[in-house]
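Work through the exercises below with the sequence and the model open. Each task is followed by a solution in steps.

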Amino acid sequence: MLGPETIKDAITDVQPRTKGVQIGSEIFTGRDSTDEDAVWVYVLVPDERIEDFYAEWDQVRDEIRRRIRDRLGDENAYVYIRMRAASEVATEP
Amino acid sequence: MSFADDLLMQADQLIAQDPRRPKQASLRRGVSAAYYALFHLLTEASANFLISGNGPGREELRNAIRRGYGHNEMKAISNGFAGGTPPQPWKAASGVISPHLRLVAETFVELQEARHQADYDHARSWTRQEAVDLVRRAQLAFVEWERAKGARDAYAYLAAMVIKSRA
């Protein structure tokens with residue numbers, strides 16, 4: 001399994017139309033609940049733009065997943081993509 | 001309403017509680033309920049497809065089959081369908097996988113992993129938006145299933161869930 005930096009590099013060109021969205025604000029690699037190699041990618045969205053972002057969320061997810069699988073050379077690699085609101089992350093203890 | 005519909009509604013209610021300072025218990029249970037909503041939607045559809053009708057013992061057979069679905073096996077099969085490349089013999093049986101079914105299968109994989117983290121990873125803190133998004137994806141999967149079901153690829157998916165692939 002490649003490391004987070006390589007994963008970050010693979011998705012660096014994914015550019016959503018919605019301003020302020022951070023693709024790969026956090027990236028983890030490791031084993032998932034069924035002991036498969038897996039990648040977790042977090043997408044951070046400004047609170048006021050979350051509803052707008054939903055118009056392109058599916059497309060962005062597909063693009064992230066495709067690029068990571070291409071980089072891994074595994075069309076069935078497990079890639080988990082999650083959305084967080086910027087304010088929630090900023091206020092976490 | 002079906003049990004799956006009730007679970008999906010419960011998931012939505014759980015994550016909507018205390019919107020300013022949501023309790024971790026509510027978010028975790030909401031994510032878990034969203035996964036089980038989709039799990040029951042699909043296993044009920046699968047059992048109904050495999051054992052149809054109302055003849056003697058049919059309902060008991062369907063209930064027996066529904067106890068046999070394995071979460072891990074369903075995840076592996078779903079991952080193949082989500083990527084458009086299910087293992088044989090399901091690839092030949094399904095033909096081209098529709099985008100509707102791919103979304104359902106992808107959501108199943110996402111939710112199962114999230115459910116595991118929600119129920120067992122206590123070092124992790126959930127944010128409300130993360131849980132909201134996962135529940136929204138479950139709701140979307142329910143809508144997409146209505147579009148996907150009844151097609152060749154959906155029938156293959158329902159059969160593949162309960163029969164271990166040798167590929």
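Buried area is the accessible area, taken with a 1.4 Å probe, that two parts lose on being put together, summed over both. The model used here is predicted.

**Exercise 1.** State how much area is buried between chain A and chain B, and find which three residues of chain A supply the most of that chain's part.

Solution.
- Step 1. Between chain A and chain B, about 2,200 Å² is buried.
- Step 2. Carbon and sulfur atoms give 38% of this area.
- Step 3. On chain A, the leading three are Ser33(A), Tyr78(A) and Arg82(A), which supply 24% of the area that chain A buries against chain B, more than any other three residues.
- Step 4. Counted by residues, the contact involves 26 of chain A and 28 of chain B.

**Exercise 2.** Describe the polar side of the interface and assign the chain A side to elements and residue classes.

Solution.
- Step 1. Count the salt bridges between chain A and chain B: there are 10.
- Step 2. Take one example: the side chains of Arg65(A) and Glu110(B) form a salt bridge, with 2.9 Å from N to O.
- Step 3. Count the polar contacts: 26 residue pairs across the interface qualify, both residues being at pLDDT 80 or more.
- Step 4. Assign elements: β2 (37-45), α2 (50-72) and β3 (78-85) of chain A each give two or more residues to the side that touches chain B. Of the elements, α2(A) gives the most, with 9 residues.
- Step 5. Sort by class: this side of chain A has 12 charged, 11 nonpolar and 3 polar residues.

**Exercise 3.** Characterise the largest pocket by its volume and lining.

Solution.
- Step 1. The largest pocket holds about 440 Å³ of space.
- Step 2. Its lining has 19 residues, and those nearest the centre are Asp62(A), Arg65(A), Ala82(B), Arg102(B) and Glu106(B).
- Step 3. At least two lining residues come from each of α2 of chain A and α6 (99-120) and α7 (128-148) of chain B; α2(A) gives the most, with 8 residues.
- Step 4. By class, the lining divides into 13 charged, 3 polar and 3 nonpolar residues.

**Exercise 4.** How many cavities of 30 Å³ or more does the structure hold, and which residues line the largest cavity?

Solution.
- Step 1. There is 1 cavity of 30 Å³ or more, and the largest cavity has about 50 Å³ of space.
- Step 2. Its lining includes Arg65(A), Arg69(A), Tyr78(A) and Tyr80(A) from chain A, and Asn79(B), Ala82(B), Glu106(B) and Glu110(B) from chain B. Also in the lining are Ala77(A), Val79(A) and Val109(B).
- Step 3. Two or more lining residues come from each of α2 and β3 of chain A and α4 (71-82) and α6 of chain B.
- Step 4. The classes are 6 nonpolar, 4 charged and 1 polar.

How values were computed
Residues are numbered from 1 along each chain as its sequence is written. Chains are lettered from A and ligands numbered from 1 in the order in which they are written. This is a predicted model: local features need pLDDT of at least 70, side-chain atom pairs count only at pLDDT 80 or more; totals for chains, interfaces and linings use all residues. Side-chain values use heavy atoms; hydrogens and water are left out. Contact means heavy atoms within 4.5 Å. A salt bridge is a side-chain nitrogen of Lys or Arg within 4 Å of a carboxyl oxygen of Asp or Glu. A polar contact is a pair of N or O atoms within 3.5 Å; within protein, one must be able to donate a hydrogen and the other to accept it, and residues adjacent in sequence count only if both atoms are side-chain atoms. Helices (H or I, at least four residues) and strands (E, at least two) are DSSP runs, numbered from the N terminus. Ala, Val, Leu, Ile, Met, Phe, Trp, Tyr, Cys and Pro count as nonpolar, Asp, Glu, Lys and Arg as charged, and the others, Gly among them, as polar. On a 1 Å grid over the protein atoms alone, a cavity is a set of points where a 1.4 Å probe fits but cannot get out, and a pocket is an open set with protein on both sides within 12 Å along at least five of seven lines; lining residues have an atom within 4 Å of a point. Grid points are joined across faces, edges and corners, and a volume is the space filled by probe spheres set on the points.
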